[in-house]
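Me: I would be grateful for a close look at a single part of this structure. Please treat its surroundings and its charged pairs in one connected account.

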Amino acid sequence: TGEAQPKCSTVCEAMGDVDELSVKLGIAAYHCDRAEVRHELEKGQRAMLESGAVLATVGAADESRASRVARRALDAAALGALELRIDKIDAALPPLRNFVVPKPPLASLALHDARAVCRRAER
């Protein structure tokens, strides 16, 4: 909206989280040696940039709408397709019996880092 926002506003916080997630996805993509995974991470980066741009248009008076507005920036069909790809990859893995401790290689650590930031950005 072009109006100044206090740095502690919900909108600014959300913009920062989305921006940080975009960077984390870029780092993970850089360290990933699988082209198809790298491509998905780069698509995620673009989606985060689009969400950040939409959030930047939310005025201070509309902070309660920030989450809904950002989610609308993400195409529902694209999210559904991504969830199907995640389910397909997950089905090929053995069932988890414990928490996963982040450890090398660097691509794996970067993805764990991105996952943690993503969970914060979702809120």
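**Helix α1 and its salt bridges**

Reply: At 27% relative accessibility, Glu 20 counts as partly exposed. The model is a predicted one, and Glu 20 is a suitable place to enter helix α1, in which it lies.

The setting may be given first. The protein chain has five helices and zero strands, so that its pattern along the sequence reads α-α-α-α-α. Of its 123 residues, 24% count as buried. Where contacts join residues at least 6 apart in sequence, 66% of them are between residues at least 24 apart. The accessible surface amounts to about 8600 Å², and carbon and sulfur atoms account for 60% of that area.

Helix α1 covers residues 10-31. With 22 residues at 1.5 Å a residue, α1 should span 32 Å, and the distance between its end C-alpha atoms, 32 Å, agrees with this.

The buried residues of α1 are Val 11, Cys 12, Asp 17, Val 18, Leu 21, Ser 22, Lys 24, Leu 25, Ala 28 and Ala 29. For the reading of such a list, one general point is useful: an α-helix has 3.6 residues a turn, so residues three or four places apart point the same way. Ser 22 is one of the buried residues. Its relative accessible area is 5%, and it is counted as buried because the limit is under 20%. Leaving aside residues up to four places away in sequence, Ser 22 touches Gln 45, Met 48 and Leu 49.

The charged residues of α1 add a further set of links. In general, side chains of opposite charge can pair when their charged atoms come close. The count of salt bridges in this model comes to six.

One of these joins Glu 20 to Arg 120, with 3.2 Å between the closest N and O atoms. Since Glu 20 belongs to helix α1 and Arg 120 to helix α5 (residues 106-122), the pair ties together parts that are 100 residues apart in sequence. Arg 120, at 33% relative accessibility, is partly exposed. The pair also belongs to a network of salt bridges in which Asp 17, Glu 20 and Arg 120 are linked. Within that network, Asp 17 is among the buried residues of α1, whereas Glu 20 is partly exposed.

Another salt bridge from α1 is formed by Lys 24 with Asp 113, and here the closest N and O atoms are 2.8 Å apart. This pair links distant parts of the chain, with Asp 113 in helix α5 and Lys 24 in helix α1, 89 residues apart. The two partners differ in their cover: Lys 24 is buried at a relative accessible area of 18%, while Asp 113 is partly exposed at 33%. Lys 24 is assigned to the buried class because its 18% falls under the 20% limit.

A salt bridge elsewhere in the chain may be set beside these. Glu 40 pairs with Arg 85, the closest N and O atoms being 2.9 Å apart. Glu 40 lies in helix α2 (residues 35-55) and Arg 85 in helix α4 (residues 76-91), so this pair ties together parts 45 residues apart in sequence. Both partners are partly exposed, Glu 40 with a relative accessible area of 23% and Arg 85 at 31%.

To return to α1, Glu 20 forms its salt bridge with Arg 120 and Lys 24 forms one with Asp 113, while the buried Ser 22 touches Gln 45, Met 48 and Leu 49.

Definitions and conventions:
Residues numbered from 1 in each chain as written. Predicted model: local features only at pLDDT ≥ 70, side-chain atom pairs only at ≥ 80, totals over all residues. Heavy atoms only, no water. Helix = DSSP H or I, 4+ residues; strand = E, 2+ residues; numbered from the N terminus. Buried < 20%, exposed > 50% of the residue type's maximum accessible area, 1.4 Å probe, protein only. Contact = heavy atoms within 4.5 Å. Areas by Shrake-Rupley, 256 points an atom, 1.4 Å probe, with all protein chains shown as cover. Salt bridge = Lys/Arg side-chain N within 4 Å of Asp/Glu carboxyl O. Expected span 1.5 Å × (residues − 1).
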